[in-house]
Structures are given as C-alpha cells and as structure tokens.
Amino acid sequence: MVLTPRYADFPETFFEKLDAVEFSQNPILHWNEALAKELGMTDRLFYSSVQVAQAYAGHQFGHFVPQLGDGRARLVGEFQDSQGRLFEVHLKGSGPTKFSRRGDGLATLDAVLRELLVSEDMHALGIPTTRTLAVLGTGKKVIRENEHPGAIQVRIAKSHVRVGTFEYFASRGNTAAIKILADEMLERLFPQLTIEANVYLALFEAVMEKQIQLVCRWLQVGFIHGVMNTDNTLISGETIDYGPCAFMEEYDPLKVFSSIDHQGRYAYARQPQIIKWNLTVLGQCLLPLFSESQDEATQILQRTLANFEDQFDAKWLSGMGRKLGLEEAKSSDAVLIQDFLSLLQKYEMDFTLGFRNLSEQIEHKEKDLKEWSIRWKSRIGENKKTLQQTLNDLNFTNPLFIPRNHLVEAAIKAAAQKNNFAPVERLLAAFKNPFQNSTDFVDLQLPAKPEERVQATFCGT
C-alpha cells in the first residue's frame, strides 16, 4: 500500500509541493519483479495524492551550491513492507520543478537503464544501494549531446535525505529545520539510538559508521562512484546516483572514469578521504544539536572525526582480508594486501578476476608474483579451515560478474536505439548471482578488449 510521504508533513521550506500526476499509464519498459516481491508490493501503483520535490544544497566537487534540490524528480509516496520497514518511492525524470535551474527535468533511457543495471549488481553484491523498481517510457525525446528516448526511473530508498539536505538549512541558519531532519532520521533509520544521552552525536556516529562500511565495500569490488558530492551522500548509507560511475578493470588507485572529474577528486583511492570530508560537512551542520556551546560542540565533532581513520582502516583490513581468504585479518596483513594490489597494478591485471583467480591457485611465471603467492599460501595456512575450504569460500567473496563498461554500454545502446531489451535482461540475469559461475554467461566475465574499452562515463541523466 502506497502512503503519503511523511516528508510532505514537514514545513513547506523543505520542498515544493507538486500537482499529483498519475504515472500508471506510462508503458512499463522494465518491472523489477524480484524487488517487488522483496518489498511485498502486490500491485504496480506507486504514487500518492501528494507529491513533492525535496529541497537540498550541496558541495559539488568541493564548491558549495546553496540550492540544488529535486530538479527532475519527485517523491511520490512511501510504503511499509511486511517487516515494517519504510521505503520511499521516487520518480527520476518526471519533469521540471522549481529546483530545475533551467533544466528540462527529464531523463534519458540510457541513464535510467545504467542506474538499473549497476544498482542491481551492487545489491546482489551485498552493497547498500537505492534500487530501480521500474523503468517507465515517456514517449518523449530528450536532448542532451544528441537526441535520446526519454524514461522515468521509479527509485526505491529507505530515505532520500542527504548531507546536502542538512546543508540547505544550515546555510540559512535554520536550526529548527535541522532538528526536524535529525529527529526524522533517528526515528526512521536509527530508532535504537533514541535512548542515548546525546542522541544527535549518536546519530552522527551511526552515519559515519554506515558511510565507512559503504565506501569500504565499494573499494572491495573496485567501484568508483564518480560524483561523491554531499548531495549524493545519503544519511541512510545507501549508494545513490549511478551517473559517471564504473567498476575498474585494470587496477589503478588513481583511476577516474567521470568525464567531469578533471582533477581526479573522486578517484578510486581518494574515496575514503572524500567521505570523511563529506562527514565533516554533516558534522558542522549538526553542531548546534551537539551542544549549546559552540566550542564544546566543535570539540565533540573533532574528537569523533579523530576516530575516522582507525575505524576505516579496521573495516578496510577486515574486508580486503576476506578477499584473500583470511579468517581474521591482522594489522600485519595490510602489507600482504597492499603488495597484491601493487602487483595487480604492475602487471595491469583485472581487479575482479585477479582476486577471483586466487581460488584457482594459478601458477605465475613472474618471480614477484610467485614470491607473493608463497607468502599468501603460508598465511592462509594459519586458518582453522582446510586449504580447500578457504579456496572454496573465496568464490563466495570475490565476484565473477560486474557491470563492465563495454557490456553496459552495448546493452543500453541496443535498448535505446533498437528497442532491444534482451541484452539488458541478460546482464540482469547474470548479476542476480554475481559469484556463481555459469556456462550461460562466460562471455560476460571477460574484461574489455583494447578496442572495446570505455575510459570515460557521463552523467547523461
């Protein structure tokens, strides 16, 4: 059952109220039946009588923009699943709002399908993410660099509140609105924290933990977000906005795919420091709620952020250790992990298959790879499990299928230009079980050939 979004009950400074539009007549180009079943949805109606475009600000590539907002999207409702969890229904590409900043408010089918493909693989990999419930056709042409078919993404998230939402009100000195947002996030996402002595500090610490977990999971699969702006950092810790994102093939810590990231701000290995930067911005917004004394509030924030590196390093070490088959990673294992990454880079090995092939115990000709392999086998020999059990477990930790750029672009091109959705559906079928080998999808495991490589991705929404 779709309900009026709770967000619509907030003061009108939080949003623009839009005329309710029914989208159930739009042709459904893709319906995510698996997601609908997970959420307990029994029909394909996903709108309410009250629809709003949310206001938010944000730092984009480090530069503050005081008003962004839903310029091509609307929050159309929310529903409660069988477990009592609330989810918001958002339509992206549904037309202009007062936040459009001279844009047309529309989305291309290309961009919507990209969101669908990458987010479904992320979900199957166990990485928190927004998801696409449906892709709707519009029958309209959308002009970007060329003419594209238009589409609407029906997006599901626990909450669409962003760091930039807090920034919107902090930049206007509206502490009352910040408290409303913080209380909503506590009730909606972290109800267990309401008993804490300083609930707003507890909220910040919980968000920091979620963001650390999220970015560590990105790094473990070679994912580069591309636009880690504060308006793309959800308080819920879900990945949002799959515009100029990509999964690395050959390993390079400074790899950038976004066509607009000219300085490499959001390169693969810089994502940890960027999420700390974004969290610092959130913490500054919450200062008035930490303490009535600004000095004390600032000290509280500084003490909390001082723990970031230790928390991040521990999560990174644990996660990367699992990718090497280590039952319990020790601090000394960081050298073993970094040495393997350096070898991946030196020999331009595929990041995904480099880890996946560990389970095959492939013999290498290169001396440094052989030496590393001896060290690695000695280390996993300390596990309580047998060697074969460890190697088997690696295939449930290191994926075989990722949304490789050339495959995604080829599938999108077939759908957008030829109305052939079979390649999209085939990729989705492979992504349902990204760890499981299948003779049906052998060609989808392979890195791009030199002539197929895609080195830049675009927002394109």
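Biologist: In this predicted model, where is Arg102 found?

Modeller: Arg102 sits in the loop between β8 (86–92) and β9 (107–108). As a general idea, most residues other than glycine have a negative phi. Arg102 has a phi near 70°, a positive value in a residue other than glycine. Its relative accessible area is 84%, so Arg102 is exposed.

Biologist: Which loop holds Glu348, and what is the phi of Glu348?

Modeller: Glu348 lies between α9 (333–346) and α10 (351–356), in a loop. Its phi is positive, about 50°, although Glu348 is not a glycine. With 64% relative accessibility, Glu348 counts as exposed.

Biologist: How should one read the faces of a helix, and which residues of α7 are buried?

Modeller: An α-helix has 3.6 residues a turn, so residues three or four places apart point the same way. In α7, the buried residues are Ala297, Ile300, Leu301, Thr304 and Leu305. Seen down the axis of α7, they fall within an arc of 125° and therefore line one face of the helix. The face turned away from that buried side carries the exposed residues Asp295, Gln302 and Arg303.

Biologist: Against which elements do the buried residues of α7 pack?

Modeller: They pack against α5 (199–221), α6 (271–290) and α8 (308–323).

Biologist: Which residues have the most contacts inside the largest nonpolar core?

Modeller: That core has 97 residues, and those with the most contacts inside it are Phe166, Ile235, Phe290 and Leu324. Its largest share, 16 residues, comes from α5. Apart from this core lies another, of 25 residues, including Leu113 and Ile412. Leu324 touches several residues distant in sequence by more than four places, among them Leu336, Phe340, Trp372 and Leu394.

Definitions and conventions: Residues numbered from 1 in each chain as written. Predicted model: local features only at pLDDT ≥ 70, side-chain atom pairs only at ≥ 80, totals over all residues. Heavy atoms only, no water. Buried < 20%, exposed > 50% of the residue type's maximum accessible area, 1.4 Å probe, protein only. Helix = DSSP H or I, 4+ residues; strand = E, 2+ residues; numbered from the N terminus. Arc of directions from axis to C-beta. Contact = heavy atoms within 4.5 Å. Core = buried A, V, L, I, M, F, W, Y, C linked by side-chain atoms within 4.5 Å.
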